[in-house]
Amino acid sequence: MTGSSLRIEVPGREPGGYEVHIEPGVFSDLARLTRLAASAHRYAIISDSRVAPLYGERARSALEAEGVEAQLFTFPAGEWNKTRQEWARLSDEMLAEGFGRDSMVVAVGGGVTGDLAGFVAATYMRGIPYVQVPTSLLAMLDSCVGGKTGLDTLEAKNPIGAFHQPSLVLIDPNLLDTLPRFQLTSGLAEAVKAAAIADDGLFEWLESHATRLLEREPDVLTELVRRSVAIKAEVVERDPEESGRREILNFGHTVGHSLEALAGYGVLHGEAVACGMRIEAGIGEILGVTDEGTSERLAALLEACELDRPVEEEFTAERLLEAAQADKKVRGSVLRCVLLDRIGRVAQGAGGGWAHELPPDGALDVLRAALRSPTRGADSG
Ligand SMILES: NC(=O)c1ccc[n+]([C@@H]2O[C@H](COP(=O)([O-])OP(=O)(O)OC[C@H]3O[C@@H](n4cnc5c(N)ncnc54)[C@H](O)[C@@H]3O)[C@@H](O)[C@H]2O)c1
Ligand SMILES: [Zn+2]
């Protein structure tokens, strides 16, 4: 499988939509494609301290070679820097350098860079265009499309943000060569999620390609990114601002976010989401919504992807529920989860919505039972 390009149409926007190029080596065409996508006189490349020396600098010299003014702005790598402080500092630096409305942001990095740089672009002079150049697997197959930008606070992840669609997305799977292995596996969790909610064919493909993915075979990685992005694109195209079906992308994330809140930065997003998917599939099975055996099949694939760290073992059902209730996905005091019907399909909730609401008393029992599920190797008693 070689490269491909797909176009995402965002309803209600003029001229409507943006191009997503997925191709090994496409990074070397950054300057030409960026200039085609939107006209700007100056380019602010935003990158974190790890990615800047690897690719940020290359992006800058490529743009300058095309005869445009490009400057590299960096922030310290790490989720804990996706803050208002870094947003303010980057924006202030751009202001000090005289960047005007005719500027464009080029986000070169993982999901943290995309969210932070995207939010800088969304708010700078009431919004300037930006290009996403994702460099982590998570960013390539998930966060670079959809237009969600934002920041964390001390209390929560992503409570501050804006929808701001990119003008262009450039995905070069070759950039994954330098990504640490644990970051690669963490990103795989979102691919498993995409397959679980929308594409049983992709799920089967993952089951037979996990080893080759971990070996970073370029063609296999490219196909993975292409198929995962296609799923995300289809979902966000129909629901760009998350008023309906886009909620299915939260599968595994209710429990996943609780685990992240409890474990702090000691757990990677993908690891937390992997546990969240196993547990939420278990919840679905207990409620009779999800086909039996689904959580077992998920657990086996996640293990093949080296995503089998049982983060939840450190926490009780009570603490998980408490953390979920502090999270934004809880309306009132019920627990809201996206549940599968079976691999490849989400079960609609009562009233035709995409999430299922578990009442507070029942939620605790169900969560307890799901935590004891046999896929975790514990006694299911
Ligand atoms: N906007 C969305 O729709 C959306 C969706 C999912 C996740 N997210 C956000 O994405 C973030 C997580 O993204 P992430 O996992 O990419 O984190 P990240 O951006 O922190 O990247 C992980 C680490 O890998 C490094 N790195 C990235 N690419 C590299 C490369 N090619 N070579 C070497 N090192 C590289 C980074 O410097 C960083 O240290 C979270 O903040 C999450 O909220 C956003
Ligand atoms: Zn996620």
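# A guided tour of the predicted model

Begin with the surroundings of ligand 1, where the shell residues divide into nine nonpolar, 12 polar and eight charged. Keep in mind throughout that this is a predicted model.

**Stop 1: ligand 1**

Select ligand 1 and display the 29 residues around it. Which of them come nearest? They are Arg50, Gly110, Gly111, Ser136 and Ser143. Colour next helix 2 (51-65), helix 4 (111-123) and helix 5 (137-143), the elements that give two or more residues to this shell.

**Stop 2: the two domains**

Colour the chain by domain: domain 1 covers 4-178 and domain 2 covers 182-376. The centres of domain 1 and domain 2, taken over C-alpha atoms, are separated by 27 Å. Where the two domains are in contact, 27 residues come from domain 1 and 27 residues from domain 2. On the side of domain 1 that touches domain 2, strand 1 (4-8), strand 2 and helix 5 each supply at least two residues. Which element gives the most to that side? Select helix 5, which gives five residues. The residues on this side of domain 1 divide into 18 nonpolar, five polar and four charged.

**Stop 3: strands 1, 2, 9 and 6**

Select strand 1 and strand 2 together; they run antiparallel and are joined by five bridges. To see one pairing, show Arg7, whose bridge partner in strand 2 is Glu19.

Now look at the two faces of strand 2 (residues 18-22). Tyr18, Val20 and Ile22 form a covered face, whereas Glu19 and His21 form an uncovered one.

Add strand 9 (residues 168-171) to the selection. Strand 2 and strand 9 run parallel, with four bridges between them. Glu19 has Leu168 as its bridge partner in strand 9, and Ile22 stands opposite Ile171 in strand 9.

Are the faces of strand 9 covered or uncovered? Both are covered: Leu168 and Leu170 on one side, and Val169 and Ile171 on the other, are all buried.

Finally, add strand 6 (residues 130-134), which pairs with strand 9 in the parallel sense over two bridges. Here Val131 stands opposite Leu168 in strand 9.

**Stop 4: the largest nonpolar core**

In soluble globular proteins, nonpolar side chains tend to be buried together. In this model, the largest nonpolar core has 121 residues. Select Val105, Val106, Val120, Val192 and Ala196, which have the most contacts inside the core. Then select helix 6 (residues 181-198), the source of the largest share of this core, 10 residues. Domain 1 and domain 2 each contribute at least three residues to this core.

Centre the view on Val120. Which residues is Val120 in contact with, leaving aside its neighbours within four places in sequence? They are Ile46, Trp87, Leu90, Ser91 and Val105.

**Stop 5: Leu321**

Move to helix 12 (residues 317-326) and select Leu321 within it. Leu321 counts as buried because it has 23 C-beta neighbours inside 10 Å, and 20 or more are required. Beyond its neighbours within four places in sequence, Leu321 is in contact with Leu335, Ala363, Leu364 and Leu367. Display Lys157 as well: Leu321 and Lys157 are 164 residues apart in sequence and 17 Å apart in space, C-alpha to C-alpha.

**Stop 6: three loop residues**

Select Met125, in the loop between helix 4 and strand 6. Its phi is near 50°, a positive value in a residue other than glycine. Why does Met125 count as partly exposed? The reason is that 14 other C-beta atoms lie within 10 Å, and this class falls between the limits of 12 or fewer for exposed and 20 or more for buried.

Go on to Arg216, in the loop between helix 7 (200-214) and helix 8 (218-238). Phi of Arg216 is near 60°, again a positive value in a residue other than glycine. Arg216 is partly exposed, with 16 other C-beta atoms within 10 Å.

End the tour at Asp291, in the loop between helix 10 (269-286) and helix 11 (294-304). Because Asp291 has 17 C-beta neighbours inside 10 Å, this residue counts as partly exposed. Show Glu280 beside it: Asp291 and Glu280 are 11 residues apart along the chain, and their C-alpha atoms are separated by 12 Å.

Technical notes:
Residues numbered from 1 in each chain as written. Chains lettered and ligands numbered in written order. Predicted model: local features only at pLDDT ≥ 70, side-chain atom pairs only at ≥ 80, totals over all residues. Near = placed C-beta within 6 Å. Nonpolar A, V, L, I, M, F, W, Y, C, P; charged D, E, K, R; others polar. Pairing = 2+ DSSP bridges. Core = buried A, V, L, I, M, F, W, Y, C linked by C-beta atoms within 7 Å. Domains from an automatic or database assignment. Contact = placed C-beta atoms within 7 Å.
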